[in-house]
Amino acid sequence: MPSEPVPSPALPQGSPADEVLARLAGLRAQDAPTRGGRTFAYVYDSGLSGVDELAASAYTEFATVNGLDMTVFPSVARLENDLVAAAVALLGTPGAQGTFTSGGTESILLAVKTARDHARAVRGVTSPQLVLPSTAHAAFHKAAAYLGLETVVVPVDRDTLRADPAATAAAITDRTALVVASAPSYAHGVVDPVAEIAAAAAGRGALCHVDACIGGWLLPYLRRAGRHVPDFDLSVPGVTSLSVDLHKYGYADKGASVVLYRDAALRRHQYFAHAGWPGYPVVNPTAQGTKSAGLLAQAWAVQRHIGEEGYRALAERTAAAADRLLPGLRAVEGVRVLGDPQAGLVAFTLAGADGAPDLSLLLHLADEMRERGWYLQPQLSFDGLPPNLHLTLTPAAAGLVDALLTDLDAALKAARALEPVAVDPAIAEFAAGLDPDTLGPEEVEAVLAFAGMGGGTALPRRMAPVLALLDMLPVPLKERLLTEFVGAVFRV
Ligand SMILES: Cc1ncc(COP(=O)(O)O)c(C=O)c1O
């Protein structure tokens, strides 16, 4: 009998644990620092010693527990009920119920699914709409795309950058399943007029979701620290659901959020049950099936460790960082802070000599700050709203604001001395003529290569030329090119 060919190995031979860990540490060294307060996006640093170690130990303790079945692993229900009860106490009303999820995006997906299924079951809506301010997080667009809702985007007020309640009310129809408000919006850190929006939704029989993913664990503690915080939670009449991420200002490791509903009858629409197959009966409250209880346990441990007074003190430190940063920023020539930031997030734009936002200067500034060890997040222009740099302040940054402002001053001088970023008009013309729906691989390659993003190699050190090009492209083309770029990064 001919022998079977021996398959070539899929993996190298196994290595000792310390070697494996050393390789991981080497990879990690290339990343932006997640602790120390100089990375002003993506990471939330309480600045408290021991929190990371506690989270890691709690994760390890529960890493192998499967959150899929709470009848086999009852600890899962205990931990989740504790986390949801805390969120209800902070942001809910009696009778509110919720679910622990993997993050803001999943909480939002579930709230949109709940609204869609509720609208169909209770009001017979078969082609549902999602009404949202233009500043609502992209996750709502993702949810609408995944779940088959039509989005109705309402421009925000140009000065305050808050949702416009009258325009929102006018956008609500008999098909509206859900109306969205942010507390605050990620882009500008301003809190939408939740009460007016929720009242408009309720008046038409629609549900209203408050996206407090980023602000939900900060705003209530800012209020406890004596700051003015507008009403935004489930206690506002008409608000029917709310999302709050524990992996943001709750300081848990990534993979921790809670979605709340006004009652269990509404939450029921979130669940998925399936008994029509020969395997085990399935009831999934969330999008995931099997999930490690490690994330739940670490979030629970961090919350119990920091506690009520701890969160109040941390909120005060974040607010103190903003109090120090805002006047310093406003004193810088050309800087305009956008809106009235109320919750640890600050976005500012830079005007050129003509008073208009100077995209090139702004992008050079971001690059210059990166050279000096600070990551400020560039946000591009959108629908008449100016490009800006975004900072997520955390307690770890409280002692660094003066150093930040000093470096900002130097970085701005350096940025002003640089040649403005100019997108080659030929490339701009070529790119503007592209149809995102019919782009071929060569055209994609040409644009990405120009932007220094070709071949899936590391990003260029200076991002200004790439972002300047992206800024000028129409949204669908931007989305297509970004998709191709990320596809190129994740190419094996
Ligand atoms: C207001 C808001 N909503 C939703 C999200 C999405 O959350 P995640 O990245 O955890 O999925 C974010 C993330 O920053 C946010 O700030």
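Select strand S2 (residues 129-133) together with strand S4: the two run parallel and are joined by 3 bridges. The coordinates under view are those of a predicted model. Within this pairing, place a label on Val131, which has Val179 of S4 opposite it.

**Stop 1: the other side of S2**

Keep S2 selected and add S3. These two strands also run parallel, here with 5 bridges between them. Gln129 is the residue to label, as it stands opposite Glu150 in S3. Now display the connection: S2, helix H5 (residues 138-147) and S3 form a β-α-β unit of right-handed sense.

In helix H5, select Ala144. Its relative accessible area is 3%, and because buried means under 20%, Ala144 falls in that class. A distance monitor from the C-alpha atom of Ala144 to that of Leu109 should read 8.2 Å, although 35 residues separate the two along the chain.

**Stop 2: strand S4**

Return to S4 and select residues 176-182. Of the 7 residues in this strand, 7 are buried, so S4 is largely enclosed by the rest of the structure. Besides its pairing with S2, S4 is joined to strand S5 (residues 207-211) by 5 bridges, and these strands run parallel. Label Ser182 and Asp211, which are bridge partners across S4 and S5. The segment to display next is helix H7 (residues 194-203), which makes a right-handed β-α-β unit with S4 and S5.

In the loop between S4 and H7, select Pro184. The peptide bond leading from Ala183 into Pro184 is cis, and its omega is near -5 degrees. For context, most peptide bonds are trans.

**Stop 3: strand S5**

Which residues of S5 point one way, and which the other? Show the side chains: Leu207, His209 and Asp211 point one way, whereas Cys208 and Val210 point the other way. This pattern can be read against a general rule, that side chains in a regular strand alternate between the two faces of the sheet. The strand is mostly covered, with 5 of its 5 residues buried.

Extend the selection to strand S6 (residues 241-245), which pairs with S5 in the parallel sense over 3 bridges. Val210 is the residue to mark here, with Leu242 of S6 standing opposite. Helix H8 (residues 219-224) completes the picture, as S5, H8 and S6 make a right-handed β-α-β unit.

**Stop 4: the ligand**

Select the ligand and display its surroundings. The shell consists of 13 residues, and the closest are Gly104, Thr105, Asp211, His247 and Lys248. Asp211 has already appeared on this tour as the bridge partner of Ser182. By class, the shell comprises 5 nonpolar, 5 polar and 3 charged residues. Colour helix H4 (residues 104-123) separately: this helix gives the most to the shell, namely 3 residues.

Three distances to oxygen atoms of the ligand deserve inspection:

- From Gly104, a backbone N or O atom lies 3.0 Å from an oxygen atom of the ligand.
- From Lys248, a side-chain N or O atom is 3.0 Å from an oxygen atom of the ligand.
- From Asp245, a side-chain N or O atom is 3.4 Å from an oxygen atom of the ligand.

How much of the ligand's accessible area does the protein cover? On its own the ligand has 390 Å² of accessible area, and the protein covers 83% of it.

**Stop 5: two residues with positive phi**

Most residues other than glycine have a negative phi. Select Tyr42, whose phi is instead positive, near 75 degrees. Tyr42 lies in the loop between helix H1 (17-28) and helix H2 (51-62). With a relative accessibility of 53%, Tyr42 counts as exposed, because the class begins over 50%.

Then select Leu161, where phi is also positive, near 65 degrees. Leu161 belongs to the loop between strand S3 (150-154) and helix H6 (165-171). Is this residue buried or exposed? At 2% relative accessibility, Leu161 counts as buried.

**Stop 6: helix H10**

Finish at Trp300 in helix H10 (residues 294-330). Trp300 counts as partly exposed, at 27% relative accessibility. A last distance monitor, C-alpha to C-alpha, joins Trp300 to Thr240: the two are 25 Å apart in space and 60 residues apart in sequence.

Terms used. Residues are numbered from 1 along each chain as its sequence is written. This is a predicted model: local features need pLDDT of at least 70, side-chain atom pairs count only at pLDDT 80 or more; totals for chains, interfaces and linings use all residues. Side-chain values use heavy atoms; hydrogens and water are left out. A residue is near a molecule or strand if one of its heavy atoms lies within 4 Å of it. A polar contact is a pair of N or O atoms within 3.5 Å; within protein, one must be able to donate a hydrogen and the other to accept it, and residues adjacent in sequence count only if both atoms are side-chain atoms. Accessible areas come from the Shrake-Rupley method with a 1.4 Å probe; for residues, only the protein chains shown count as cover. Helices (H or I, at least four residues) and strands (E, at least two) are DSSP runs, numbered from the N terminus. Ala, Val, Leu, Ile, Met, Phe, Trp, Tyr, Cys and Pro count as nonpolar, Asp, Glu, Lys and Arg as charged, and the others, Gly among them, as polar. Buried means under 20% relative accessible area, exposed over 50%, partly exposed in between (1.4 Å probe, protein chains only). Two strands pair if DSSP finds at least two bridges between them. A crossover is right-handed if, with the strands pointing away from the viewer, the path from the first strand over the helix to the second runs clockwise.
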